[in-house]
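The following exercises concern helix packing and residue burial in a single chain. Each task is followed by a solution in steps.

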Amino acid sequence: FVNIIPLYEAERVRIFLARGMVPQAVAWLDEYRYPAEGSPINREVISMARSRVLLAAGRCVEARELLGRLAAEAEAALRHGRLLEILVLRAVAGTGEAAHRALRRALELAEPEGYVRVFLDEGESVVHRLKELRDRPGDLPSGLCDHASRVLSSVAD
């Protein structure tokens, strides 16, 4: 059973963040509680929203911890679509080689299906990291480098 309220709450967070309303998003983070007995999928949706708020609030260590747990769960359950989104967020939250590893793995998952939007939805920091990764000599196989270039060309469109 999937309840629509968590989906609404997650979208509400995206709107707060898109409008630069970080204090309202942080208030949501402090106040909203999804019931422990609720659907695992809905808990995951709320956890993704929580990770976005943590990132926006500069609480990157907490975001990385949460995203690490989510990635392990999504990988174990073979939910590759969700894993792709989590990896892109981990690239935003990460630093150095950890961010590049997450982004490289996201490209590996995205390339066969041609996914682009998941990268663009997370904003300029992903675009910046994607440029860094693409421009590092020998870091990406040609197929992944081509896909990174397709994603980046969509930014200009």
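**Exercise 1.** Determine which helices cover the buried residues of H5 in this predicted model, and how many residues of H5 are buried.

*Solution.* Step 1. Helix H5 comprises residues 80-93. Ten of its 14 residues are buried, and the helix is thus mostly covered.

Step 2. These buried residues are Leu-83, Leu-84, Glu-85, Ile-86, Leu-87, Val-88, Leu-89, Ala-91, Val-92 and Ala-93.

Step 3. The cover over them includes helix H1 (4-18), H3, helix H4 (60-76), H6, helix H7 (117-120) and helix H8 (124-135).

Step 4. As a check on the geometry of H5, a rise of 1.5 Å a residue gives an expected span of 20 Å for its 14 residues; the end C-alpha atoms lie 19 Å apart, which agrees.

**Exercise 2.** Establish how the axes of H5 and H6 are oriented relative to each other, and identify the residues that make the contact.

*Solution.* Step 1. The axis of H5 and that of helix H6 (residues 96-110) come within 8 Å, with a crossing angle of roughly 150 degrees.

Step 2. Angles over 145 degrees count as roughly antiparallel, and H5 and H6 are therefore roughly antiparallel to each other. The crossing of H5 with H6 is left-handed.

Step 3. From H5, the contact draws on His-80, Leu-83, Leu-84, Leu-87, Val-88, Arg-90 and Ala-91. H6 contributes Ala-99, Ala-102, Leu-103, Arg-105, Ala-106, Leu-109 and Ala-110.

Step 4. Sorted by class, the residues of this contact between H5 and H6 are eleven nonpolar, one polar and two charged.

**Exercise 3.** Classify the orientation of H1 relative to H3 and relative to H2.

*Solution.* Step 1. For H1 and H3, the axes come within 9 Å and cross at roughly 15 degrees. An angle under 35 degrees counts as roughly parallel; H1 and H3 are therefore roughly parallel to each other. Their crossing is left-handed.

Step 2. The contact is formed by Pro-6, Leu-7, Glu-9, Ala-10, Val-13, Arg-14 and Leu-17 of H1 with Asn-42, Val-45, Ile-46, Ala-49, Arg-52, Val-53 and Ala-56 of H3. Ten nonpolar, one polar and three charged residues make up the contact of H1 with H3.

Step 3. For H1 and helix H2 (residues 22-31), the axes come within 8 Å and cross at roughly 155 degrees. H1 and H2 are therefore roughly antiparallel to each other, and this crossing is left-handed.

Step 4. Here H1 supplies Glu-9, Arg-12, Val-13, Phe-16 and Leu-17, while H2 supplies Val-22, Gln-24, Ala-25 and Trp-28. The contact of H1 with H2 divides into six nonpolar, one polar and two charged residues.

**Exercise 4.** Decide whether Glu-44 is buried or exposed, do likewise for Ser-47, and list the contacts of Glu-44 and of Ser-47, leaving aside residues up to four places away in sequence.

*Solution.* Step 1. Glu-44 belongs to helix H3 (residues 40-56), and Ser-47 lies in helix H3 as well.

Step 2. The threshold for burial is under 20% relative accessible area. Glu-44, at 4%, is therefore buried. Ser-47, at 16%, is also buried.

Step 3. With those sequence neighbours not counted, Glu-44 touches Leu-70, Ala-74, Arg-79 and Arg-82. Under the same exclusion, Ser-47 touches Leu-66 and Leu-70.

Technical notes:
Residues numbered from 1 in each chain as written. Predicted model: local features only at pLDDT ≥ 70, side-chain atom pairs only at ≥ 80, totals over all residues. Heavy atoms only, no water. Axes fitted to C-alpha atoms, helices over the stretch in contact; angles between N-to-C directions. Helix = DSSP H or I, 4+ residues; strand = E, 2+ residues; numbered from the N terminus. Parallel < 35°, antiparallel > 145°, perpendicular 65-115°, else oblique. Left-handed = near helix turned anticlockwise from the far one by under 90°. Contact = heavy atoms within 4.5 Å. Nonpolar A, V, L, I, M, F, W, Y, C, P; charged D, E, K, R; others polar. Buried < 20%, exposed > 50% of the residue type's maximum accessible area, 1.4 Å probe, protein only. Expected span 1.5 Å × (residues − 1).
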